[in-house]
There are 2 protein chains.
Amino acid sequence: MFDNINQYTTRCGKFSDEELAYFDGLLISKSIPKKTFLLKEGELCNYEIYVNKGCLRSYFLDKEANEVTLQFAIEDWWISDIASFNERKPSHLFIETLEDSEVLLLSYEAKEKLLARVPGFERMFRLMLQRHLSKLQERLFLTIATTATEKYLDFIERYPTIPQRVAQHYIASYLGFSPEFLSKVRTRLSKK
Amino acid sequence: MFDNINQYTTRCGKFSDEELAYFDGLLISKSIPKKTFLLKEGELCNYEIYVNKGCLRSYFLDKEANEVTLQFAIEDWWISDIASFNERKPSHLFIETLEDSEVLLLSYEAKEKLLARVPGFERMFRLMLQRHLSKLQERLFLTIATTATEKYLDFIERYPTIPQRVAQHYIASYLGFSPEFLSKVRTRLSKK
DNA sequence: CGCGGGTTTGATGATGCTCAAGCCCGGTGG
DNA sequence: CCACCGGGCTTGAGCATCATCAAACCCGCG
């Protein structure tokens with residue numbers, strides 16, 4: 001159950017078996033069917049979610065109620081609303097499962113306990129954030145500076161497994177254009 | 001010299017006078033004229049830059065050599081290439097002063113020393129990253145989900161002092177459209 | 001079978017880009 | 001003091017990209 005996350009943790013810092021066990025003890029394990037929400041707009045995000053198995057996504061609604069997906073999370077990824085979780089304020093995002101999934105939940109209180117008892121985790125979370133931020137900067141750059149075709153090609157190269165697992169209109173909403181246009185981009189690409 | 005940054009630090013955590021003084025002692029103070037580079041593409045980013053006075057920006061070049069500005073930094077902001085700084089790899093961005101500026105530089109080695117000696121700063125940097133990440137998510141959302149007019153109105157509301165200080169084509173390159181189009185947006189807005 | 005979600009296709013239109021020209025204004029040299 | 005730069009901003013025409021809407025299609029599932 002905790003093998004994956006313990007490997008993840010170990011890649012981010014040096015921890016004793018006892019510290020790892022303490023961390024694991026704070027996590028809540030859940031099995032969740034496809035198409036269920038773990039967070040809705042307006043709620044407080046009280047968990048950082050580690051994906052053991054399955055696939056989730058987070059998304060906003062724009063003012064015409066179109067979905068804009070912020071992130072996909074598959075095995076060995078974390079997903080949450082960082083702003084809501086840390087600042088203890090209502091979320092603007094939705095998080096839902098796209099497949100039947102197994103997740104580990106780290107609550108706000110559990111994380112506080114963890115950081116108080118094992119300060120080394122402070123560093124781990126900082127490193128996670130740094131990587132996350134670098135990725136997001138790259139994505140912003142791609143969003144601003146490239147065409148739809150380039151965005152799509154970059155996506156399938158970066159995340160080759162995701163197009164096989166999720167419906168294409170989710171990918172369109174991640175890349176920032178309409179599902180119809182993604183379809184047209186794909187037919188243009190296949191004609192070469 | 002260190003008043004501003006010490007206030008900044010104090011807002012992020014509890015530190016003794018001695019700890020603050022140790023931090024200040026690690027910083028390098030510099031005065032830098034307008035239009036000079038602190039970082040160029042291909043170089044290693046060896047400093048996190050705190051702005052005491054003045055205005056800087058960071059930007060990428062896209063493949064047609066158009067500038068895409070990632071961030072403006074005025075008084076009491078930090079700016080750097082987080083990916084390059086932390087992963088010790090060549091940067092993809094440029095950082096330059098837009099006005100004559102006074103900055104405080106924190107080198108990679110100094111930051112390591114700081115974190116080793118005063119672990120409480122680990123938390124401060126984590127909180128900085130969290131806020132930064134939340135902002136960047138909002139910006140990605142705006143970039144994907146709003147029109148040029150909305151982006152511009154949001155920008156001048158969010159950062160009301162910046163348009164008075166920097167040339168408009170920098171703002172266009174931050175918002176992700178051409179300077180000509182920003183001009184047209186502005187004339188349309190003023191006709192109402 | 002027929003239903004329904006997802007994808008494709010086509011016609012039309014809006015948004016924003018490119019290129020080119022003109023304008024405004026502060027700075028500099030004659 | 002004036003003329004002339006030159007950078008930045010504006011304006012306009014024509015064009016590419018992508019959105020919207022509607023219809024058809026595909027296919028797994030009840």
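Start by selecting I49(A) and I79(A): I79(A), in β6(A), is the bridge partner of I49(A). Keep in mind throughout that this is a predicted model.

**Stop 1: the sheet in chain A**

Widen the selection to the two strands around that pair. β3 of chain A covers residues 47-53. Strands β3(A) and β6(A) run antiparallel, and 2 bridges join them.

Now add β1 and β8 of chain A. Together the 4 strands form an open sheet, and reading across gives β1-β8-β3-β6. The pairing is antiparallel. Which strands lie at the edges? Select 28-32 for β1 and 78-79 for β6 in chain A; each of these edge strands pairs on one side only.

**Stop 2: the axis between the chains**

Show chains A and B together. A rotation of 180° superposes chain A on chain B, with 0.0 Å of shift along the axis and an RMSD of 0.0 Å. Such a relation is that of a two-fold axis. The same surface serves both copies: 100% of the contact residues of chain A recur in chain B.

Which residue of chain A comes closest to the rotation axis? Select R126(A): its C-alpha is 2.5 Å from the axis, and no other residue of chain A comes closer.

**Stop 3: the contact between A and B**

Stay with the two chains and select the contact. Chain A puts in 26 residues, and chain B puts in 26 residues. On the chain A side, color three elements: β5 (67-73), α3 (82-87) and α5 (120-145). Each supplies at least two residues of the side that touches chain B.

Which element gives the largest share of that side? Zoom in on α5(A), which provides 17 residues. Then color the chain A side by class. There are 14 nonpolar, 7 polar and 5 charged residues.

**Stop 4: around DNA strand D**

Finally, select DNA strand D and its surroundings. How many residues surround DNA strand D? The count is 15. The closest from chain A are F177(A) and F181(A). From chain B, pick Q168(B), S183(B) and T187(B), which are also among the closest.

Next, show the elements that give two or more residues to this surface. In chain A, select α9 (179-190). In chain B, select α8 (168-175) and α9 (179-190). Linger on α9(B): with 6 residues, α9(B) gives the most to the surface near DNA strand D.

Color this surface by class as well. The surface near DNA strand D has 5 nonpolar, 6 polar and 4 charged residues.

Definitions and conventions. Residues are numbered from 1 along each chain as its sequence is written. Chains are lettered from A and ligands numbered from 1 in the order in which they are written. This is a predicted model: local features need pLDDT of at least 70, side-chain atom pairs count only at pLDDT 80 or more; totals for chains, interfaces and linings use all residues. Two strands pair if DSSP finds at least two bridges between them. A residue is near a molecule or strand if its C-beta atom, placed from the backbone, lies within 6 Å of it. Ala, Val, Leu, Ile, Met, Phe, Trp, Tyr, Cys and Pro count as nonpolar, Asp, Glu, Lys and Arg as charged, and the others, Gly among them, as polar. Copies are superposed by least squares on the C-alpha atoms of residues with pLDDT of at least 70 in both. Two residues are in contact if their C-beta atoms, placed from the backbone, lie within 7 Å.
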